[in-house]
Amino acid sequence: MKKFDYMEKFGHEQLVFFHDKATGLKGITGIHDTTLGPALGGTRLWNYATEEEAIEDVLRLSRGMTYKAACAGLNLGGGKTVLIGDPKTVKSEAYFRGLGRFVQSLNGRYITAEDVNTSTKDMLFLSMETDHVVGLPGKSGNPSPVTAWGTFAGLKATLKEAFGSDSVADKTFAVQGAGQTGYFLIKYLLGYDFLTDTYTKEKAKKIYFTEINEEHIARMKAEHPEVEFVAPSDIYGLDVDLFAPCALGGVINDETIPQFKCKAIAGSSNNVLKEDSHADVLREKGIVYAPDYVINAAGLINVYYEIKGYNRVNALNDSELIYDRLLDIYKIANEQNISTHAAASQYAEHRMETMKNINRTYIKR
């Protein structure tokens, strides 16, 4: 990968490498665009096979965060941190406090939070060294149930676009991943109301799920035996109404698209398209695709309210607006005969350009 060529092509501002010999901390922070405000994005810990793989991930993820914040109406830019290491062995207080010092050195240009293989406990260690961390216990906390709540709102908008009704009662679903957001999304599909902590809402006709973590598989089977487990390789070809990717990215690709029998795709995964052009292929197949950085924005919305002064009700209400934003994006796609992915990019770029023009007016602060 020619890093500067990639950064120039996609508009990245900064790529920062850091290493701490004492703790074995190795990571990269990507800052994509700060037009709307400081870059915010979680810290992902993954045992990457190569450094090039880690670089590609942080560049893709940070760019996605810019578009996510813009589409969500937040005054934030996009960033991300990836840490290279085995989550089972590298974690310690010193490890995450070391990361906190590197985050602090960016002087507020970047704000982080938990992500894959990091937790609110880990963020507490960061907070001992930096002010620029959100998603802490006692504040917004674990973002997964809120992310899934917003994803559920977006899923219903996608059903409305694909089938004319947003009801889940007569629909079938295939959920890929049941560890964090996928776990909660399945609960919502089963009628669980996050606001009242009761099973009071309509229930999906049938749900299939897949997962690679044995503990997560066992939990789902124990709590919801009516949800049917399938092998990871079988999830794409199921004859269902909607496929919900809630694991890692790149799962919509040349190999999986021919297997799809669903009419809609809506889930919480980041960078679910292997290539942007795959959105066009989905459109040609008549599959309604909910752009990932629009539908999964509730976690970001939740921690944004922590920066402002956390209010749970306001964060959840704002998360439910994902329903309306997706309907607006579907309308753009239909009117211009373009993919929903292209329509979402247009939606985000219009807001960034509008705000850039407003910022030309000098105000003394």
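Reader: In which loop is the place of A297?

Author: This is a predicted model, in which local features need pLDDT of at least 70 and side-chain atom pairs count only at pLDDT 80 or more, while totals for chains, interfaces and linings use all residues. Residues are numbered from 1 along each chain as its sequence is written, and side-chain values use heavy atoms, with hydrogens and water left out. Helices (H or I, at least four residues) and strands (E, at least two) are DSSP runs, numbered from the N terminus, and A297 lies in the loop between α9 (292-295) and α10 (298-308).

Reader: Is A297 buried or exposed, and with which residues is A297 in contact once its neighbours within four places in sequence are left aside?

Author: Buried means under 20% relative accessible area, exposed over 50%, and partly exposed in between, with a 1.4 Å probe and protein chains only. A297, with a relative accessible area of 1%, is therefore buried. Contact means heavy atoms within 4.5 Å, and apart from its neighbours within four places in sequence A297 is in contact with K68, A72 and I322. The C-alpha atoms of A297 and T151 are 7.9 Å apart in space, although 146 residues separate the two in sequence.

Reader: How many residues does the largest nonpolar core have, and which have the most contacts inside it?

Author: A nonpolar core is a set of buried Ala, Val, Leu, Ile, Met, Phe, Trp, Tyr and Cys residues joined through side-chain atoms within 4.5 Å. The largest one here has 71 residues, and L155, I186 and L189 have the most contacts inside it. Helix α5 (residues 144-163) gives the most to this core, with 8 residues. Leaving aside neighbours within four places in sequence, L155 is in contact with V168, F173, L185, L189, L242, A266 and I295.

Reader: Which residues does the second, separate core include, and where is L282 found?

Author: The second core, separate from the other, has 20 residues, and V251, I252, F260 and L282 are included in it. L282 is found in helix α8 (residues 278-284) and, with a relative accessible area of 0%, is buried. Not counting residues up to four places away in sequence, L282 touches I252, I257, F260, I265, L273, I287 and Y289. Between the C-alpha atoms of L282 and A264, which are 18 residues apart along the chain, the separation is 9.2 Å.

Reader: Which sign of phi do most residues other than glycine have, and what is the phi of N107?

Author: Most residues other than glycine have a negative phi. N107, which is not a glycine, nevertheless has a positive phi of about 60 degrees; N107 is placed in the loop between α3 (93-105) and β6 (110-111). Because its relative accessibility is 67%, N107 counts as exposed. N117 is likewise not a glycine and has a positive phi of about 70 degrees, and its place is in the loop between β6 and α4 (120-127). With a relative accessible area of 30%, N117 is partly exposed.

Reader: How many helices and strands does the protein chain have, and what is its radius of gyration?

Author: The secondary structure of the protein chain comes to 13 helices and 14 strands. The radius of gyration is taken over C-alpha atoms, and the globule rule is 2.2 Å times the number of residues to the power 0.38. For 365 residues a compact globule would have a value near 21 Å, and the 20 Å of the protein chain agrees with this. Buried residues make up 56% of the 365 residues, and the C-alpha trace spans about 50 × 50 × 40 Å along its principal axes.
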